[in-house]
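Work through these exercises with the coordinates open. Each task comes with a worked solution.

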Amino acid sequence: MDQSRIRNFCIIAHIDHGKSTLADRLIQETGAVSTRDMTAQHLDTMPLERERGITIKAQAIRLTYKYDDDKSYQLNLIDTPGHVDFAYEVSRSLAACEGALLLVDATQGIQAQTMANIYLALEHDLEIIPVINKIDMPAAEPERVAAELKQAFGFKDAEILFASGKTGAGVHELLETIVHLIPPPKGDPGAPLQAMIFDSKYDQFKGVVAYIRVMNGSLRTDDRVRLMQTKVEPDVLEAGYFSPVMVKSDSLGVGEVGYVATGLKNVRDCRVGDTLTMASNPATKALPGYASQMPMVFTGIYPSEGDEYPALREALSKLQLNDASLVFEPESSAALGFGFRCGFLGLLHMDVIQERLEREYDLELIATAPSVSFDVELTDGTRIHVDNPSKLPEPQRIKTIFEPWVNITILTPSRYIGGIMEMVTLRRGEYVKMEYLQPAQSDNAANASQDARVMLEYNIPLSEILVDFHDTLKSVTSGYASLDYRLIDARASDMVKLDVLVNHEAVDALSLIIHRSYAESQGRQLAAKLKELIPRQMFQVPIQAAIGGKIVARENISAMRKNVLAKCYGGDVSRKRKLLEKQAEGKKRRAKMIGAIEVPQEAFMAVLTLERQQVSRH
Amino acid sequence: MTRPAIEQQSIGLYVHIPFCETKCPYCDFNTYSGIERLIPVYVDALCEELRRWAELFPSHASRTVFLGGGTPSYLPPGDLKRVMSALTGGFPLVADAEVTLEANPGDVTQERASGWLDAGFNRVSMGVQSFDDELLTLLGRRHTAAQAIDAFEVLRRAGFTNRSLDLIFGLPQQTLQQWIDSLERTLELSPNHVSLYGLQIETGTPLEAFVRSGKVPQPDDDLAADMYLAAREKLAEAGYRHYEISNWALPGMESQHNLIYWRNEPYLGVGPGAHSSMLKHRFANMKSPRWYVRSLGFEVPADGILSLAGSQPRRPDLPKSTPGQIRAMVAGGPVNFVEQTTPSLELAETMMMGMRLDTGVREADFRARFGKSLRDVFSREIDQMLAAGLIEEDADGIRLSFDGKLLGNEVFGVFVAAAESMLLAE
Ligand SMILES: Nc1nc2c(ncn2[C@@H]2O[C@H](COP(=O)(O)OP(=O)(O)O)[C@@H](O)[C@H]2O)c(=O)[nH]1
Ligand code: SF4
């Protein structure tokens, strides 16, 4: 295809603002698939993604658009992951484009993810087309959202488009604008091949399939190519594009977007951001922007039943084939047995992986409370990383503990500012700035959506937003606020290790590394929670919380007094026998033994529900 | 009509009466209100079922008979008499057979009581549940404490010397003092037998829903334990023997019928949902009274409410070992559950039922039945539970300890799990 007839673009949108629906509409409008064959939301292929309304893996779809002058254009729509955990993948997808549609829901306005992604798009010098979507909705306030776009990003009235992915309104104009405004790709067809990998996934039959954007040169089937970072040299088993089904084509030329099947067995060999070049005639330099991603959040994942350990290992390995950012290594816990310490890009990534393990691989799991990776400087001058609380050295060996901090952006109606400040302060957050995106519509608005909209920025330890931050934010703001975060630095912190002892035995899987200021209060809460969760035994069981060996809280689970079937007659024998069998079995299955005590799975989750209490700072 | 028991196998006979005037909110028994029109044809079906079993088990006699429910006293005495003659016609009573009728206080009149004696009953078990009118209302019972006291007296005057009564403790809102008062009024009536049941909140009952929604407070387990201890003390003082976890009797007045269950001896149950244990199999009838009636060849009265709603009970999967007699009642009768009592199940059930008794599992009985001593089979479990103080052991056998009675499930569970993990030759 003639370079001047190619347009590469993506859609930037907050979750639920209608990206997938609009993509479907574009596909339909350009006739890529017949309406009949179209399953809703082509771009999301994994069922889990569809359910959660997020896109984990970027894909690209080629649309053929006949413009009014009767010339055909090749439009490549590159799908970007919608979530900050996948920020690096987003940045690579953006690097494959010359333009972006900025999609904003006419009933919602700009949200935190919109902000984050638009700044990324601007960094990549993309032509941005603002589109206000869902104008068919009765609650739509297109003018108001337009005002917001003008104020926040300096767009002009004439630049803003209005559309509805649902009804198709405005979509034709949108396609024309894409052709008009987005520049065709630059690049030298005669230069040595440089193609950027913006995504890769493992396919059972084709091996690793790389999604690429050809920057310079071209490639054909059977070419031997080289990955400039990993130095692997696979053959191009197949090249082509998605329409949205896979279509083979012999070659991919400069400016084009498509896929290459490599036959490689692991996505680690073919990482996002790497440059593909020709083995026989390599480019002298790789494309800029390659970065390897570091996990930020860690948790211990254990099978509920010890004999599922091999199945868990197998499942993690399989997921890793397709997810180069998932890391895991074996670990063992006195309480939970054998399992894995897993590292994730972020909270959502962690949730998604856990859910896939349970759902797609039918595993029953126990996960320990998530932790960040602490950088610990020891008294002997060495530095170690600790991502598992039970591995923290003795206090006397520790000089300083550094913990990662993030910068968070919260967009909210003004009435919730107080509540947000309070929750952020409780979590050691530091105020950075506050900006009004848009004034209030009335002084005394009944509805939060008519409030002034405010952008709040804080710095806060990552560990403080790991567990319940998002949920608390939602409840503090009745769901109106949106949140985004990015890693900034690591700072020295007064962290301590909180241990829990059940019947005088320390339970490693319940240890936490936690800020000293509320370690004691959380220790008390944890002991009280465990008291509720651990069933009574035949003897009294003490539960203690300790900081650095000093007991700070104690609860007693009193001995069980009564457990007997009152009635057992002729009609009950089979049923009651089965009940007793189940009880005996259930004890084995769903609980872990700490000494002689059965500790149910929920107990290991108790840490997730602790509340922060206001503490006085001395 | 009593025949001597020589050369006959004598078994327990249970007859289920699935009718109640209203359904109590805590009850999960197979019983219904509002289907009284079914009663006449239901009695026909019962008689037919008894007749068929008698044909299949010709030389069997009744050692005990128990009409339970539901509310057997809710049936007209004439119907009860019909059932009894069908029963004794097929399974003659052995001498001194215990024949029990369950009765609700509200159903007891002088006239009916005489009718019951006439039909052959010699024992009445009365469901009093509580002697506190407020708690009776909470339980959804239709009688008052005063009525219960009168009814018990009416039974005595009519000539029932063997009278039992049931109470429930551990009720939401019930205080220890209320319970002690109920116990004292019980003793004033001098029953020869008392059953005291700790309330169990059964899934699917309205009471469970009330507790879950917070309308009724969750009963306090520790308080229930205190109530049990108080009862144990009071009844012991009054000379009752605590012969099973929830049952007390004056010496010699233990329920012979229920002892059959706890000693894991054979019994036959008739009526919907009734269970049996015969020929090394446990089996049970379908639960729906309507389908039950139909399975025995009777037409269910055509009537909106009584139509055969719900799907037909499914044919059960039969173990290969199923004896012909049971097969016959699956093919052309109401049986729709059959389970083989393998040697390890027999062991599990003998332990789980036997340990409920004050005599526990007796060495001699165990040896006669399994050809081994208790210690041969359960040495490790016995030691483990002795150490926990849950059981006691002597030359006669093993039994729950004083403290172990409240923690029986811990003991039963250990034996059941151990027995079932044993591979025993059939
Ligand atoms: N009324 C209306 N609803 C829309 C429109 N676009 C999307 N939706 C609805 O908004 C929800 C989120 O849309 P989706 O395309 O999945 O959003 P994504 O998360 O950005 O991909 C879905 O329930 C859609 O049916 C639109 O133009 N009009
Ligand atoms: S009377 Fe007895 S059987 Fe009938 S519903 Fe009440 S508790 Fe259940």
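**Exercise 1. Check the length of helix α11 of chain A against its expected span, then find which of its residues are buried.**

Step 1. Helix α11 of chain A covers residues 516-533, which is 18 residues. Helices (H or I, at least four residues) and strands (E, at least two) are DSSP runs, numbered from the N terminus.

Step 2. The expected span is 1.5 Å times one less than the number of residues. That should give 26 Å for α11(A), and the end C-alpha atoms are 26 Å apart, which agrees.

Step 3. Now burial. A residue is buried if 20 or more other C-beta atoms lie within 10 Å of its own, exposed if 12 or fewer, and partly exposed in between, with C-beta atoms placed from the backbone. In α11(A) the buried residues are A:Tyr518, A:Ala519, A:Gln522, A:Gly523, A:Gln525, A:Leu526, A:Ala527 and A:Leu530.

Step 4. Their cover includes β26 (495-502), β28 (512-515), β29 (541-547), β30 (550-557) and α13 (601-605) of chain A.

A note on the model: it is predicted, so local features need pLDDT of at least 70 and side-chain atom pairs count only at pLDDT 80 or more, while totals for chains, interfaces and linings use all residues. Residues are numbered from 1 along each chain as its sequence is written, and chains are lettered from A and ligands numbered from 1 in the order in which they are written.

**Exercise 2. Judge the confidence of chain A.**

Step 1. The mean pLDDT of chain A is 86, and 92% of its residues reach 70 or more. The pLDDT is the predictor's confidence in each residue, from 0 to 100.

Step 2. Look at residues 34-38 of chain A: the pLDDT is below 50, and the stretch has four contacts beyond near neighbours in sequence. Two residues are in contact if their C-beta atoms, placed from the backbone, lie within 7 Å.

Step 3. Over residues 48-58 of chain A the pLDDT is also below 50, but this stretch has 34 such contacts in the model.

**Exercise 3. Trace the six-stranded sheet of chain A and place β1 in it.**

Step 1. The sheet is open, with the order β2-β3-β1-β4-β5-β6 and mixed pairing. Two strands pair if DSSP finds at least two bridges between them.

Step 2. Find the edges. β2 (60-66) and β6 (161-162) of chain A each have a single partner strand, so one side of each lacks a neighbour in the sheet.

Step 3. Take β1 (residues 6-13) of chain A. Five bridges join β1(A) to β4 (residues 99-105) of chain A, in parallel. A:Phe9 stands opposite A:Gly99, and A:Cys10 opposite A:Ala100.

Step 4. Five bridges also join β1(A) to β3(A), again in parallel. Here A:Asn8 has A:Asn76 as its bridge partner.

Step 5. In a regular strand the side chains alternate between the two faces of the sheet. On one side of β1(A) sit A:Ile6, A:Asn8, A:Cys10 and A:Ile12; on the other, A:Arg7, A:Phe9, A:Ile11 and A:Ala13. Eight of the eight residues are buried, so β1(A) is largely enclosed by the rest of the structure.

**Exercise 4. Which helix gives the largest share of the shell around ligand 1, and what covers that helix?**

Step 1. The shell has 16 residues, and the closest are A:Gly18, A:Lys19, A:Ser20, A:Thr21 and A:Lys166. A residue is near a molecule if its C-beta atom, placed from the backbone, lies within 6 Å of it.

Step 2. The largest share, three residues, comes from helix α1 (residues 19-29) of chain A.

Step 3. Eight of the eleven residues of α1(A) are buried, among them A:Lys19 and A:Ser20. The buried residues pack against β1, β2, β3 (72-78), β4, β5 (127-133) and α6 (171-181) of chain A.

Step 4. Just after α1(A), A:Gly31 takes a positive phi of about 70°.

**Exercise 5. Find the edge strands of the three-stranded sheet in chain B.**

Step 1. This open sheet has the order β13-β15-β14, with antiparallel pairing.

Step 2. β13 (361-362) and β14 (391-394) of chain B stand at the edges, each with a single partner strand.

Step 3. Two bridges join β13(B) to β15 (residues 397-400) of chain B. B:Arg362 stands opposite B:Gly397.
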